[in-house]
Every structure is written in structure tokens, then in C-alpha cells.
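Here is a short round of questions and answers on one chain. Look over the sequence and coordinates before reading on.

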Amino acid sequence: MDTIALVPNNSLIVETPEEGRQLAVTLARLIIKLTQPDEEKRKQLREVYGNDAMMLIAIGQTVATEFATIAAANNYWKK
């Protein structure tokens, strides 16, 4: 299995909240890829969770948690 960099560029520091949100989505996707490395299986599962409101909410919560961590690391973008 290929090594997956779970934190791109080894940093949570980004310039803007928008970049923080994008990084949060990336981190969530990377952990899913690490948890289920089989691409074909992930495609099959996408059909399941893509049609389940509770699973979609759980995905949103995962991204929100990642974003909260990134925002804190960036001192909430306060100058």
C-alpha cells in the first residue's frame, strides 16, 4: 500500500478560512482512503452513504471537526 500523507505539507497552517475548509475536506477524504484503501470498495460504498441522510450528516460532522482543529491551529485567522 502506498504511504498516505494525512496532513498535506505537514502543516495545518493556511491563509484563509476558505483554505481551511478545503483542507478539512481533504483531511476527511484522506482518512477514509486510509481506512478503506480499496478504491473499488469505496466506489461501492459511496452509493450507500450518498443516499443515507444520517451518513451524510456524519460526514459533515467529520469535516466540521477537522475544520475546528484547523481554525484553532490558525488562531481563528486573527491578526
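## Charge, fold and core

Q: How many positive and negative side chains does the chain have, and how far apart do the centres of the two sets lie?
A: This is a predicted model. The chain carries 9 positive side chains and 10 negative ones. The centres of these two sets lie apart by 3 Å.

Q: How many helices and strands are there in the chain, and in what order do the elements run?
A: The chain has three helices and zero strands. Read from the N terminus, the order of elements is α-α-α.

Q: What box do the C-alpha atoms of the chain fill?
A: The box is taken along the principal axes. Its dimensions are roughly 45 × 30 × 15 Å.

Q: What share of the accessible surface belongs to carbon and sulfur atoms?
A: The accessible surface of the chain is about 6,000 Å². Of the 79 residues, 19% are buried. Carbon and sulfur atoms account for a share of the surface equal to 56%.

Q: Among contacts between residues at least 6 apart in sequence, what percentage join residues at least 24 apart?
A: The count starts from contacts in the chain between residues at least 6 apart. Those that join residues at least 24 apart make up 62%.

Q: Which elements give two or more residues to the largest nonpolar core?
A: The largest nonpolar core has 10 residues in all. They are Val14, Leu23, Ala24, Leu27, Ala28, Val63, Phe67, Ile70, Ala71 and Trp77. The elements giving two or more residues are helix H1 (17-35) and helix H3 (53-73).

Q: Which residues does Leu27 touch, not counting residues up to four places away in sequence?
A: Leu27 belongs to the largest nonpolar core. Leaving out residues up to four places away, Leu27 touches Leu6, Val7, Pro8, Leu12, Glu66 and Ile70.

Q: What distance separates the C-alpha atoms of Thr62 and Leu27?
A: Thr62 is in helix H3. Its relative accessible area is 36%, so Thr62 is partly exposed. Thr62 and Leu27 are 35 residues apart along the chain. Their C-alpha atoms are separated by 9.5 Å.

Q: Why does Val63 count as buried, and which residues does Val63 touch?
A: Val63 sits in helix H3. Val63 counts as buried because its relative accessibility is 12%, and the cut-off is under 20%. Not counting residues up to four places away in sequence, Val63 touches Arg21, Ala24, Val25 and Ala28.

Q: How far apart in space are Val63 and Pro8, C-alpha to C-alpha?
A: In sequence, Val63 and Pro8 are 55 residues apart. In space, C-alpha to C-alpha, the separation is 16 Å.

Q: Is Phe67 buried or exposed, and which residues does Phe67 touch?
A: Phe67 is found in helix H3. With a relative accessible area of 19%, Phe67 is buried. Not counting residues up to four places away in sequence, Phe67 touches Pro17, Gly20, Arg21, Ala24 and Trp77.

Q: What separates the C-alpha atoms of Phe67 and Ile4?
A: Phe67 and Ile4 are 63 residues apart along the chain. The distance between their C-alpha atoms is 20 Å.

## After H3

Q: Which backbone oxygens lie 2.8 Å from the side chain of Asn74?
A: Asn74 is placed in the segment after H3. Asn74 has a relative accessible area of 11%, so Asn74 is buried. Its side chain reaches one backbone oxygen at 2.8 Å, that of Leu12. A polar atom of the same side chain lies 2.8 Å from the backbone oxygen of Ile70.

Q: Which residues does Asn74 touch, not counting residues up to four places away in sequence?
A: Ile70 is left out here, as residues up to four places away are not counted. The residues touched are Leu12, Ile13 and Val14.

Q: What is the phi of Tyr76?
A: Tyr76 lies in the segment after H3. Most residues other than glycine have a negative phi. Tyr76 is not a glycine, yet its phi is positive, at about 55 degrees.

Q: What is the phi of Trp77?
A: Trp77 is also in the segment after H3. Trp77 counts as buried, because its relative accessibility is 19%. Although Trp77 is not a glycine, its phi is positive, at about 60 degrees.

Notes. Residues are numbered from 1 along each chain as its sequence is written. This is a predicted model: local features need pLDDT of at least 70, side-chain atom pairs count only at pLDDT 80 or more; totals for chains, interfaces and linings use all residues. Side-chain values use heavy atoms; hydrogens and water are left out. A nonpolar core is a set of buried Ala, Val, Leu, Ile, Met, Phe, Trp, Tyr and Cys residues joined through side-chain atoms within 4.5 Å. Buried means under 20% relative accessible area, exposed over 50%, partly exposed in between (1.4 Å probe, protein chains only). Helices (H or I, at least four residues) and strands (E, at least two) are DSSP runs, numbered from the N terminus. Contact means heavy atoms within 4.5 Å. Accessible areas come from the Shrake-Rupley method with a 1.4 Å probe; for residues, only the protein chains shown count as cover. Lys and Arg count as positive and Asp and Glu as negative; His and the chain ends are not counted. The place of a charge is taken as NZ of Lys, CZ of Arg, CG of Asp or CD of Glu. A polar contact is a pair of N or O atoms within 3.5 Å; within protein, one must be able to donate a hydrogen and the other to accept it, and residues adjacent in sequence count only if both atoms are side-chain atoms.
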